[in-house]
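Thanks for coming. I have one structure to go through today, and I will keep to what can be read from the atoms. Please have the sequence and the model open in front of you.

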Amino acid sequence: MLMVSSKGRDMKENKTNAMRILEQHKVEYVVREYENGDVLSGLEIACRLGLDPDMCFKTLVTVDGRDGEHFVFVIPVGCELDLRKAARAAGVKDIEMVKQKELLPLTGYVHGGCSPIGMKKAFRTFFDETAMLFDRIAFSAGKVGMQVEIAFEDLAKVVDYTLADLVRDAI
C-alpha cells in the first residue's frame, strides 16, 4: 500500500512508526504535512492544512500522581484537558501532565509530534467522545510537521482506547 502525502509526494522515505503500524493493520490514511519552522498551536495547524479543527486531535501524556502509571488522552486541538475528568475516566484520584523532558524517553515521540499510535509502550488510551462524531479524524503522524487522517472506524484496529468526556466545559 503506497501512501501519498497531501502535497503529492511519495512518503516511502519519510514514514514514521505510526504510519508503519497503520500499514501493518491495512488502515488507509492520508498524510498532511505543514511547515514546522514556527511553534504552532493545533488550531493553527488545522487551519494551515485546511481541516476542520474539531476533527483534529492532540495527544497528551499524563501520569498518576500516586503510583506513576501513565495514561494517554487524545482531545480536540482547540480544547483543554480537564484533569479531573481524565482522572475519573482512568479510575484514579490524581493525574498530572508528564514533563516535556520525560516525553521522548517515555514514548519515543517529541512534544508536538506525539501520536497515539506507536509509542514505545502501550499505555491506557482515552479519546474524547467527540471523536466519534466524525467519519475521519486527524492527529500527529509521530513527527512534528506531519499529521495522519484516518477513518474513525479504523482507529480500533491500531489503538485500544476508551471514549470519555475529557475536555473542560466552555465558560
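In this talk, buried means under 20% relative accessible area, and exposed means over 50%. What we have here is a predicted model.

With that cut-off I can start on Phe127. At 0% relative accessibility, Phe127 counts as buried. Phe127 also takes part in a ring pair, so let me go to the aromatic residues, because a pair of rings is described by the distance of the centres and the angle of the planes.

How many aromatic pairs are there? The count comes to five. One of them is Phe73 with Phe126, a stacked pair, with 5.1 Å from centre to centre and 15° between the planes. This pair joins distant parts of the chain, since Phe73 sits in strand β3 and Phe126 in strand β5, 53 residues apart. Phe73 and Phe126 are both buried. Then there is Phe127 with Tyr161, which is edge-to-face, at 5.4 Å centre to centre and 65° between the planes. That pair also links distant parts of the chain: Phe127 is in strand β5, Tyr161 is in strand β8, and 34 residues separate them. Ring pairs also connect Phe71, Phe73 and Phe126 into a cluster.

Next, helix α4, which covers residues 100-107. Which of its residues are buried? They are Leu103, Leu106 and Thr107. Looking down the axis of α4, these buried residues fall within an arc of 85°, so they line one face of the helix. The general background is that an α-helix has 3.6 residues a turn, so residues three or four places apart point the same way. On the face of α4 turned away from the buried side we find the exposed residues Lys101 and Pro105. And what do the buried residues of α4 pack against? They pack against β2, residues 57-64, and β3, residues 70-76. Just after α4 comes Gly108, with a positive phi of about 90°.

There is another positive phi to mention. Most residues other than glycine have a negative phi. Lys26 is not a glycine, yet its phi is positive, about 55°. Where is Lys26? It is in the loop between α1, residues 17-24, and β1, residues 29-33. Lys26 is exposed, with a relative accessible area of 64%.

Now the pockets. The largest pocket holds about 690 Å³ of space. Of the 29 residues lining it, Lys58, Thr59, His111, Gly112 and Gly113 are the closest to its centre. Helix α2, residues 42-49, together with β2 and α4, each supply at least two residues of that lining. The element giving the most is β2, with five residues. By class, the lining of the largest pocket has 15 nonpolar, 11 polar and three charged residues.

The second largest pocket has about 240 Å³ of space. Its lining is made of 17 residues, and nearest its centre lie Ala122, Phe123, Thr125, Val159 and Asp160. Two or more lining residues come from each of β5, residues 124-128, and β8, residues 161-164. Here β5 gives the most, with three residues. The classes in this lining are 11 nonpolar, three polar and three charged residues.

To close, strand β5 came up in both topics: Phe126 and Phe127 are the β5 members of their ring pairs, and β5 gives the most to the lining of the second largest pocket. That is what I have.

Methods: Residues are numbered from 1 along each chain as its sequence is written. This is a predicted model: local features need pLDDT of at least 70, side-chain atom pairs count only at pLDDT 80 or more; totals for chains, interfaces and linings use all residues. Side-chain values use heavy atoms; hydrogens and water are left out. Buried means under 20% relative accessible area, exposed over 50%, partly exposed in between (1.4 Å probe, protein chains only). Helices (H or I, at least four residues) and strands (E, at least two) are DSSP runs, numbered from the N terminus. The arc is that of the directions from the helix axis to the C-beta atoms. Contact means heavy atoms within 4.5 Å. On a 1 Å grid over the protein atoms alone, a cavity is a set of points where a 1.4 Å probe fits but cannot get out, and a pocket is an open set with protein on both sides within 12 Å along at least five of seven lines; lining residues have an atom within 4 Å of a point. Grid points are joined across faces, edges and corners, and a volume is the space filled by probe spheres set on the points. Ala, Val, Leu, Ile, Met, Phe, Trp, Tyr, Cys and Pro count as nonpolar, Asp, Glu, Lys and Arg as charged, and the others, Gly among them, as polar. Rings of Phe, Tyr and Trp (its six-membered ring) pair if their centres lie within 6.5 Å; planes under 30 degrees apart count as stacked, over 60 as edge-to-face and the rest as tilted.
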